[in-house]
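Welcome! Below are some exercises with worked solutions for getting to know a structure. Try each task yourself before you read on.

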Amino acid sequence: MDLAPPAKPLTCITISIVKTPTFADLAARYRVTNGARFQLADFNPADPWGGSLKSAADDLLSDGIARLSDLQERLYAQDRWSILLIFQAMDAAGKDGTIKHVMSGVNPQGCEVHSFKAPSSEELDHDFLWRTSRLLPRRGHIGIFNRSYYEETLVVRVHQNILARQQLPPALVTKNIWRERFEDINAYERYLSRQGIVIRKFFLHVSKEEQRLRFLKRLDEADKHWKFSPADVGERAHFAEYMHAYQDTIRHTSTEWAPWHVIPADRKWFTRLAVAAVIVDTIESLDPQYPEAGPKVKAELQKVRAALAAEVKAVKAKATAPKK
Ligand code: ATP
Ligand code: MG
């Protein structure tokens with residue numbers, strides 16, 4: 001008789017392998033290239049993908065910052081493409097912190113940040129693309145617009161008294177004005193892209209509740225008071241109108257050559273990671289290379305090398321020569 005012990009009951013172990021998304025995956029998830037079907041409601045400001053990445057986020061962001069540092073050096077040395085990063089958001093969505101963290105490894109010599117506030121009277125006396133055009137990044141540089149000409153279809157649309165102050169000839173201010181501005185922006189961005197300016201646009205999508213909590217934090221902490229302006233609360237009262245204006249703007253200005261990215265902004269660590277992913281993915285796709293010296297330059301470099309080596313020999317020879 002077989003006295004083998006009874007078999008142990010089988011335990012079923014399920015191992016679920018969650019693949020960490022690549023930067024290209026992250027960039028693709030939040031990119032809007034065809035605005036026709038865009039609905040802001042389809043994008044969750046606290047996207048759950050964020051939750052599953054939390055433990056790896058610090059390492060991923062450090063990796064992104066290091067890659068960006070290397071890519072920017074190549075971009076600068078190559079001196080062909082430039083990158084224009086446009087940030088738009090409601091107050092307290094984290095534009096400033098995101099720019100600070102994501103660009104922390106970048107050589108300041110090849111990167112400029114410009115913030116656009118309510119226009120001056122000189123700026124109002126020009127076409128609406130004038131003030132930003134003067135600050136576009138030069139070749140090899142990364143330019144960051146902290147707010148931009150998109151305010152012209154956002155705050156100006158929500159507060160139409162601002163439009164009245166723009167001194168436009170009345171015949172040009174019709175019910176078509178927003179559609180015309182979208183057309184003009186698309187044509188302008190098309191032109192810039194054909195000049196080698198690669199445009200990526202970010203809407204940091206924060207929820208109204210998270211904005212409320214961040215405002216309260218700014219009021220509670222003395223060293224955050226400077227960040228708080230009572231006017232921000234005034235704008236908050238128009239939150240729904242802003243969301244409508246953002247949706248319409250993104251619908252009409254999402255193009256292959258200048259896509260929007262709707263970035264969940266309720267968790268700061270995730271916003272930073274997703275923005276870094278988009279920038280790294282964009283510059284990597286350009287594959288910037290250090291310029292290679294041609295035969296003439298190489299021959300010149302050899303000559304210089306020989307001359308520098310000869311300098312050392314001459315110094316040594318002088319030091320060892322018998323004194324007269
Ligand atoms: P932060 O609040 O973090 O300092 P911010 O970008 O909100 O950053 P603010 O000085 O608070 O800076 O606000 C700038 C204001 O200028 C925003 O309310 C914005 O809507 C407004 N603004 C920007 N461009 C225009 C424009 N073309 N016309 C009218 N208002 C504009
Ligand atoms: Mg503000």
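**Exercise 1. Two sides of a helix**

Which exposed residues does the face of helix 9 turned away from its buried side carry?

*Solution.* Before starting, note that this is a predicted model, in which local features need pLDDT of at least 70 and side-chain atom pairs count only at pLDDT 80 or more, while totals for chains, interfaces and linings use all residues. Residues are numbered from 1 along each chain as its sequence is written, and chains are lettered from A and ligands numbered from 1 in the order in which they are written.

Step 1. Fix the terms. Helices (H or I, at least four residues) and strands (E, at least two) are DSSP runs, numbered from the N terminus. A residue is buried if 20 or more other C-beta atoms lie within 10 Å of its own, exposed if 12 or fewer, and partly exposed in between, with C-beta atoms placed from the backbone.

Step 2. Find the buried residues: in helix 9 these are Glu210, Gln211 and Arg214. They sit on the same side of helix 9, because they cover an arc of only 100° around the axis; the arc is that of the directions from the helix axis to the C-beta atoms.

Step 3. Turn to the opposite face. There you meet the exposed residues Glu209, Leu213, Leu216, Leu219 and Asp220.

Step 4. Recall the general pattern: an α-helix has 3.6 residues a turn, so residues three or four places apart point the same way.

Step 5. Ask what lies over the buried residues of helix 9. The cover includes helix 10 (230-236).

**Exercise 2. Checking helix lengths**

Compare the end-to-end distances of helices 9, 12 and 13 with their expected spans.

*Solution.* Step 1. The expected span of a helix is 1.5 Å times one less than its number of residues.

Step 2. Helix 9 (residues 208-220) has 13 residues and should span 18 Å, which agrees with the 18 Å between its end C-alpha atoms.

Step 3. Helix 12 (residues 268-286), with 19 residues, reaches 28 Å from first C-alpha to last, close to the expected 27 Å.

Step 4. Helix 13 (residues 295-320) has 26 residues; 38 Å is expected, and its end C-alpha atoms are 38 Å apart, which agrees.

Step 5. Now look at their surroundings. Helix 12 is mostly covered, with 14 of its 19 residues buried. For helix 13 the number buried is zero, so it lies largely in the open.

**Exercise 3. The overall shape**

Is the protein more spread out than a compact globule, or not more spread out?

*Solution.* Step 1. List the elements: the protein has 13 helices and six strands.

Step 2. Its radius of gyration is 27 Å, well over the 20 Å that the globule rule gives for 324 residues, so the protein is more spread out than a compact globule. The radius of gyration is taken over C-alpha atoms, and the globule rule is 2.2 Å times the number of residues to the power 0.38.

Step 3. Along the principal axes, the C-alpha atoms fill a box of roughly 105 × 90 × 45 Å. Buried residues make up 30% of the 324 residues.

**Exercise 4. Partners across the sequence**

Which residues do Ala27 and Val262 touch, leaving aside neighbours within four places in sequence?

*Solution.* Step 1. Two residues are in contact if their C-beta atoms, placed from the backbone, lie within 7 Å.

Step 2. Ala27, in helix 1 (residues 23-30), touches Ala277, Val278 and Asp281. Ala27 counts as buried because it has 24 C-beta neighbours inside 10 Å.

Step 3. Val262 belongs to strand 6 (residues 260-264) and is in contact with Tyr30, Val32, Phe43, Phe203, His205 and Ile250. With 26 C-beta neighbours inside 10 Å, Val262 counts as buried.

**Exercise 5. Positive phi**

Where do Arg147 and Gln167 lie?

*Solution.* Step 1. Most residues other than glycine have a negative phi.

Step 2. Arg147 has a positive phi of about 75° and lies in the loop between strand 4 (142-146) and helix 6 (155-158). Arg147 is partly exposed, with 18 other C-beta atoms within 10 Å.

Step 3. Gln167 has a phi near 60° and is placed in the loop between helix 7 (160-164) and helix 8 (177-194). With 9 C-beta neighbours inside 10 Å, Gln167 counts as exposed.
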